[in-house]
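Let's take a walk through this one together, starting from a single side chain and working outwards. Have the viewer open as you read.

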Amino acid sequence: VTFSSCGMKMSSRSGLRSIMDDIAATTAASADKWLNLSIGNPALIPEVEEMWREALHAELGDGFARSGCRYGPSRGAEPLVQAVVEYFRHRYGWALRSENIVIGPGSQMLCFAAGALFAGPSGSRHRPILIPTMPDYTGYQGMCMHRDGVAGVAPIIERSAGRGFRYRCDLDRVAEHGDAGMLLMSSPSNPAGRCASAEEMATLATIAADRGVPLVVDHAYGQPFPRIVDTPAPPLWHPNVINCFTISKAGLPGERLAFAIGEPEYIDAIVSFIANTALHASQIPQLAMANVLSSGRLDEVCENAIRPHYAAKRHFAETLLAEFLPAHLDWRLHASSGGMFCWIWVDDSSFDGAELYRAVKERHVFIVPGEHFFVPGHGFDEHAGQCFRISLSADEDSITAGVERVGLTLGEMHRAR
Ligand SMILES: Cc1ncc(COP(=O)(O)O)c(C=O)c1O
């Protein structure tokens, strides 16, 4: 096969591709033997499943021929666009028009569209996507079709008493960074569960505005849904910010639905990108979402089922980590303000997260090695290799067995040094 230069980049085995392959392995017929602590699949929560089942079922009734049997608008189905306008007006006081909104088949696709539109080669300039605080979502690394299309800024590490640590955004370095076509971040972040404070977000928006580029903020785990987040700070409305929201982590990842809100000049370009690539997002999930958004049911389920579920899981996992990870190893857990993961750093130069990934796989456990969440070659490779991510979405028995096996493996790796 002769690949184009974009083809070479997009056909490469990214971190995301490995995670998707691990999902395939654990959902295949012989899946029973695998404990998957790597995936970003949301937990199966009965109230959430029931809400989506009922909402989708309702759309299979009389209106089906008008939705499922026809193409729809690339901006998104009108009832959902209007439901989003109303919801954000009521919840955050945002005065939106349809022109501020685009619905797409998942936030992966919406962020990819933004990356393709606003970053990359342009004339004689090369303007990468800039990730202000590594580590961040591994999926961002495939969002530019050009080599060296994604750049990242190393964080400042703050160790805290006991086994804690946290990353701080190095805003000076972000401001000093060379050309960038777009800034992109998740908050709460995948993997570390780090939330940008209101001040940090405002500074990043100012940096974006000074450069005349968008700051894309991916709220996959945050407000207003699935609301697996501790900070009350609402999303920021700013002319240079494109806020991206998805229902994947609120229980419907398989139906591929998300939306972005921003200034019409950005949003209109994304609508065209969707028209050119996917035509539009699936109609039936759009109508189901319009329904649960307008009725308040999504809010209710986030507050009463999703948030408490992950708070309890986090507490449970923290207890297990303290019990099973070797006490003599200097391992640290990132302070979490939300999200679905535990992010662990083994503060020891002889530790290799990729080796841990391979060794626990022998014990039929999947975790994600830290390297996937850092742009390589940006001065942080050693730290990247010392981290790994565990997902909180598996059931308690799987998390218990998985963490126990991770602890055993870490002990063996340490003894073998
Ligand atoms: C931060 C972040 N953004 C986006 C996605 C993908 O979301 P979607 O299913 O809406 O494409 C994920 C999935 O794990 C994620 O963690």
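Start at F225. Skipping its neighbours within four places in sequence, F225 is in contact with Y87, H219, A220, F245, T246, I247, F259, M289, L293, L298 and C302. Keep in mind as you click around that this is a predicted model.

Zoom out a bit, and F225 turns up again as one of the residues with the most contacts inside the largest nonpolar core, alongside F88, I367 and F388. That core has 74 residues. Its largest share, nine residues, is supplied by helix α11, which spans residues 297-324. Apart from this core there is another one, of 44 residues, with M134, A192, I274 and F380 among them. As a background note, nonpolar side chains tend to be buried together in soluble globular proteins.

Now for the ligand. Its shell counts 13 residues, and D218, Y221, T246, S248 and K249 come nearest. T246 should ring a bell, since it is also among the contacts of F225. By type, the shell splits into three nonpolar, seven polar and three charged residues.

Which side chains put an N or O atom a short step from a ligand oxygen? For Y221, the distance from such a side-chain atom to an oxygen of the ligand is 2.6 Å. K249 likewise has a polar side-chain atom 2.6 Å from a ligand oxygen, and for R256 the corresponding N or O atom sits 2.7 Å from an oxygen of the ligand. As for cover, the ligand taken alone exposes 400 Å², and the protein buries 92% of that.

Next, the backbone, where two loops deserve a look. In the loop between β10 (215-218) and β11 (241-246) you'll find P224, and the peptide bond leading into it from Q223 is cis, with omega near -10°. That loop also holds R227, a non-glycine residue whose phi is positive, near 65°. Is R227 buried or exposed? It is buried, with a relative accessible area of 8%.

The other loop runs between β5 (129-131) and β6 (150-152), and P135 is in it. M134, which you met in the 44-residue core, is joined to P135 by a cis peptide bond with omega about 0°. D148 lies in the loop between β5 and β6 too, and its phi is near 55°, again positive in a residue other than glycine. Here the surroundings change: D148 counts as exposed because its relative accessibility is 59%, over the 50% cut-off.

Key: Residues numbered from 1 in each chain as written. Predicted model: local features only at pLDDT ≥ 70, side-chain atom pairs only at ≥ 80, totals over all residues. Heavy atoms only, no water. Near = heavy atom within 4 Å. Polar contact = N/O pair within 3.5 Å; in protein donor to acceptor, adjacent residues only side chain to side chain. Areas by Shrake-Rupley, 256 points an atom, 1.4 Å probe, with all protein chains shown as cover. Nonpolar A, V, L, I, M, F, W, Y, C, P; charged D, E, K, R; others polar. Core = buried A, V, L, I, M, F, W, Y, C linked by side-chain atoms within 4.5 Å. Buried < 20%, exposed > 50% of the residue type's maximum accessible area, 1.4 Å probe, protein only. Helix = DSSP H or I, 4+ residues; strand = E, 2+ residues; numbered from the N terminus. Contact = heavy atoms within 4.5 Å.
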